[in-house]
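Hi there,

Here is the structure I promised to pass on. Have a look at it first, and then read on for what turned up in it.

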Amino acid sequence: MEEELEQRRSRDVIKIVLFGPESTGKTTLAQMLAQHYNTQWVPEYMREYLQKKWDEQQETCEPHDLLPIARGQMAIENLKQTKADKYLFCDTNLLELVVYSRAYYDEFVDQTLLKHALKAQYDLYFLTYIDVPWVEDDLRDRPEDREQMFARFKKALDDNHLAYRILEGDLQQRLEMAVKIIDQLKK
């Protein structure tokens, strides 16, 4: 089971994670970047998993859901990497699950999840700021905690010495800033 949490790495693919609190444009930006660079993007498996759980059982995420979500996330990432051309844009990763676990479950993190989250490697993180409007849906909650959640995401990157850049502004500004940063990676 643990091997399902293993990230496969390719020297040919630059992996970039869209990372940050909910409702900060990560999915839209991952799609736009993949389209811009004519490559693949990895959707957020947690959203699919939890939407199905909500629709079928009217239940929200619980700690025992995190490992199945992590397995699903890594399966999609590993598959999409084999189809990617130069770049792979990930709309979340296992470290995001760690941040949410700590925030929602009184600092609890499953040690297997933590181990694999810290072991996975990415070339760059784009930390999405909270200066875009909150969009409510079935799964999102705590719009009043956006600053606190942003601080948690930033702390996870800082504590683990991960390379990141903060994306701010409207969607077009974020896209332009991201493209400029990515194009500099090529050099």
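A word on naming before anything else: helices and strands here are DSSP runs, helices of at least four residues and strands of at least two, numbered from the N terminus. With that in hand, histidine 161 can be placed in the loop between α6 and β5 (164-167). Please keep in mind that this is a predicted model.

**Overall fold**

The chain contains seven helices and five strands. Following the sequence, they come in the order β-α-β-α-α-β-α-α-β-α-β-α. For 187 residues, a compact globule would have a radius of gyration near 16 Å, and the chain agrees with that at 16 Å. The C-alpha trace spans about 45 × 40 × 35 Å along its principal axes.

Of the 187 residues, 47% count as buried. If you take the contacts between residues at least 6 apart in sequence, 77% of them join residues at least 24 apart. The exposed surface of the chain is about 9,900 Å², with carbon and sulfur atoms supplying 48% of it. As for charge, there are 26 positive and 35 negative side chains, and the centres of these two sets lie 7 Å apart.

**Aromatic rings**

How many aromatic pairs does a search of the whole structure find? The search gives 10. One of them joins tyrosine 122 and tyrosine 125: the ring centres are 5.8 Å apart and the planes meet at 70°, so this pair is edge-to-face. Planes over 60 degrees apart are what earns that label. Both residues sit inside the protein, tyrosine 122 being buried at 12% relative accessible area and tyrosine 125 buried at 2%.

Tyrosine 129 and phenylalanine 150 make another edge-to-face pair, with 4.8 Å from centre to centre and 90° between the planes. Tyrosine 129 belongs to the loop between β4 (124-128) and α6 (146-159), while phenylalanine 150 is in helix α6, so their pairing ties together parts that are 21 residues apart in sequence. Tyrosine 129 is partly exposed, with 27% relative accessibility, whereas phenylalanine 150 is buried at 10%.

There is also an aromatic cluster to look at, formed by Phe19, Tyr100, Tyr104, Tyr122, Tyr125 and Phe153. Tyrosine 122 and tyrosine 125 from the pair above are among its members.

**Three residues to click on**

Is histidine 116 buried or exposed? Its relative accessible area is 2%, and under 20% counts as buried, so histidine 116 is buried. This residue lies in helix α5 (residues 111-119). Leaving aside residues up to four places away in sequence, histidine 116 touches Glu2, Leu5, Glu6 and Leu94.

The other two stand out for their backbone. Most residues other than glycine have a negative phi. Serine 23, though not a glycine, has a positive phi of about 60°. You will find serine 23 in the loop between β1 (14-19) and α1 (26-36), and it is buried, with a relative accessible area of 6%.

Histidine 161, the residue from the start of this note, also has a positive phi, about 55°, without being a glycine. Its side of the story on accessibility is simple: histidine 161 is exposed, at 74% relative accessible area.

Happy browsing, and best wishes!

How values were computed. Residues numbered from 1 in each chain as written. Predicted model: local features only at pLDDT ≥ 70, side-chain atom pairs only at ≥ 80, totals over all residues. Heavy atoms only, no water. Rg over C-alpha atoms; globule rule 2.2 N^0.38 Å. Buried < 20%, exposed > 50% of the residue type's maximum accessible area, 1.4 Å probe, protein only. Contact = heavy atoms within 4.5 Å. Areas by Shrake-Rupley, 256 points an atom, 1.4 Å probe, with all protein chains shown as cover. Lys, Arg positive; Asp, Glu negative; His and termini not counted. Charge placed at Lys NZ, Arg CZ, Asp CG, Glu CD. Phe/Tyr/Trp six-rings, centres within 6.5 Å; stacked < 30°, edge-to-face > 60°.
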